[in-house]
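Work through the exercises below with the sequence and the structure at hand. Each task is followed by a solution in steps.

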Amino acid sequence: MSSRRPTPLAETINATLADLLERNPEVLLVGEDIGRLGGVFRVTRGLQERFGRERVRDSLLAESTIVGHAVGLAMSGLVPVCEIQFDGFSYPAVNQLVTQAGRIVNRWNGDIRLSLVVRIPSGGGIRGVEHHSESNEALFARVPGISVVYPSTGEDADQILRHAVGMGSPVVICEPIRLYWRRSLPGRLDEPAASPTSARIVRRGADVTVATFGAITNDVLAAAEALSPSVEIEVVDLRWLAPLDMTTVLESVTRTGRLLVVHEATKDVGIGAEVAAAVSESGFDALKCAIRRLAPERRDYPPADFERDYQISVDQITEEVLGMVK
Amino acid sequence: MQATSLSDDLKRSILRHMLIARGVDEEARQLQKQGALDLWLSCQGQEAAQVGSVLAVGPEATIFPSYREHAAALTRGVPADELIAQWAGRTFCGWDPWDRRFFPYTLVLAAQTLHGVGYSMGRRMQKLDDFVVVYVGDGATSEGDMSEAMNLAAVESASVLFICQNNGWAISKPTGEQMLTTVAERARGFGIESSLIPGDDPELVHRECVRAADHVRNRRAPYLIEMQVGRIHGHSTSDAQELYRGEEDILRTAAADPVAAYTGRLTELNVVDAEWLRGVESEVRDLREQLMKRYAS
């Protein structure tokens, strides 16, 4: 175990973007208030001063414009990395993402590279007003032509961003807002992922596999720490939600015989359902008990005063795990 | 740019492309009736606007079409069998978009307008030819993306020529119920210079598009031309326009057929003669036969 690097997520992403801009003349950043202001979360702070207004572009306040014209920029051979200000504002861009960006490579019979990255600050726990705390990763994960990834550490965000800009097809990167500036985080196993597109085992354990992603991964790790050594949890940070790395999950479930999926987005028709179904199909014989999912019930993200009731807590995770091993 | 008159060679080229487009369109309609095509969106009535504009903007312009630009595609050199392939369910795009600088059809209305503006911006950033032509129909101008694209093109001063073919109908909704101003007026509201012209005279269309293309290239700023065209058939082979459109209007539009009108005009002026027309007819017949063999079997 190593303790987390003290550099917060936002600073790591900033450094990675700077390095990509430095090394790759095709890369440019596009988003609302990302230049002069440095982004509402200051993730792009200082980049416009360094790389100029042409390459770090303050876009119009119109999400369909951001993604729609970025499709054209990408067609021209550039590699736009867009920022949507908040998850809840990504919906005006959904048409351009789903019917256009996600389909263009196929529409062109594979004869075009569409390197287009859309960063979406996501999730709650920040006392956000309406539309500022949503988790819409499962919506995009449903779209065959879009890859969806949800890194939960700076190290992963760095690896994933560098990979995403070279994929030649659109990638949605959800970034956990509440981890942007957090410096103290639970320790993780210092074991690299098998590849930039695979899941990552961030804690080893023999009793229960917990598959999770995003900010809540830290709560799962805290629960694991609390239960150890009486129950040892293996924590799989899925990272990529589309396509999912089921190999890593299935190998883990084969070892532990138990699977719990935890996520911040609502449970219904969510990523957890997909992971659970895939393990039922391919890993059923290894299971010692029913697969469980822990996620908020189907309802709108509440006003800030009620978000603690909505969010899955460390206690709920430990309780769920104990229910599986009793 | 002076409004010079077109050479006889160019006039013959325009008419030839219009006649070929008409023949291919007619064959596609037949093939759809026979079940060989799943759908066809006829461009009959819009040939003058499409052929005139495509020839005017030149081969270097990158074209972002909507989905009814068959005459434009054929004039750009897209082979007829490749044009039809997607409507027979064989592909989403039958031609090589790079080779023709004619990008795939976009069926989600106005989505391509933002791509066109972004493409032009990206080309300019890379110091490459940034002249882009975006085709859009009147119905699509109601989409938010059209307004966003016009605004973006204006504030970025993008080298984009928007060509709006206003055929009077958004499927079954007439233009009068779609908008209170013309599209050309709307463009000016965004700070884009524009003009409104009849789209049934290919020579007028050609002259206006040459002028507009010069404007875009020289000023490196967008321009919009709205062309009033007739829609001879329904929106697609799936709608019977008799259900929502007056018989008189349908007959009037058919009678104002720009292909017949231009054929008559060039014949009268002795720019073409019966022998020349027979030559093109035979070319069209061969083309139709090839399409039938390829798709009806």
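Helices (H or I, at least four residues) and strands (E, at least two) are DSSP runs, numbered from the N terminus. The model is predicted.

**Exercise 1.** Locate Glu54(A) and decide whether Glu54(A) is buried or exposed.

Solution. Step 1: Glu54(A) sits in the loop that joins α2 (47–51) to β2 (56–58) of chain A. Step 2: within 10 Å there are 11 other C-beta atoms, so Glu54(A) is exposed; the cut-off for exposed is 12 or fewer. Step 3: from Glu54(A) to Met324(A) the C-alpha distance is 55 Å, with a sequence separation of 270 residues.

**Exercise 2.** Do likewise for Ala49(B): in which helix is its place, and is Ala49(B) buried or exposed?

Solution. Step 1: Ala49(B) belongs to helix α2 (residues 47–57) of chain B. Step 2: Ala49(B) is buried because 34 other C-beta atoms lie within 10 Å, where 20 or more are required. Step 3: leaving aside neighbours within four places in sequence, the contacts of Ala49(B) include Gln165(B), Val205(B) and Met227(B). Step 4: Ile197(B) is 148 residues away along the chain, and its C-alpha atom is 9.8 Å from that of Ala49(B).

**Exercise 3.** Give the strand order of the five-stranded open sheet in chain A and place helix α7 against it.

Solution. Step 1: the order is β7-β9-β8-β11-β12, with mixed pairing. Step 2: β7 (200–203) and β12 (292–294) of chain A each pair on one side only, as edge strands. Step 3: the twist from one strand to the next averages 25°. Step 4: β8 (residues 208–212) and β9 (residues 233–237) of chain A are parallel, paired over five bridges; Thr209(A) has Glu234(A) in β9(A) as its bridge partner. Step 5: helix α7 (residues 217–227) of chain A lies across β7, β8, β9 and β11 (259–262), at about 170° to β9(A).

Notes
Residues are numbered from 1 along each chain as its sequence is written. Chains are lettered from A and ligands numbered from 1 in the order in which they are written. This is a predicted model: local features need pLDDT of at least 70, side-chain atom pairs count only at pLDDT 80 or more; totals for chains, interfaces and linings use all residues. Two strands pair if DSSP finds at least two bridges between them. Axes are lines fitted to C-alpha atoms, for helices over the stretch in contact, and angles run from 0 to 180 degrees between N-to-C directions. Two residues are in contact if their C-beta atoms, placed from the backbone, lie within 7 Å.
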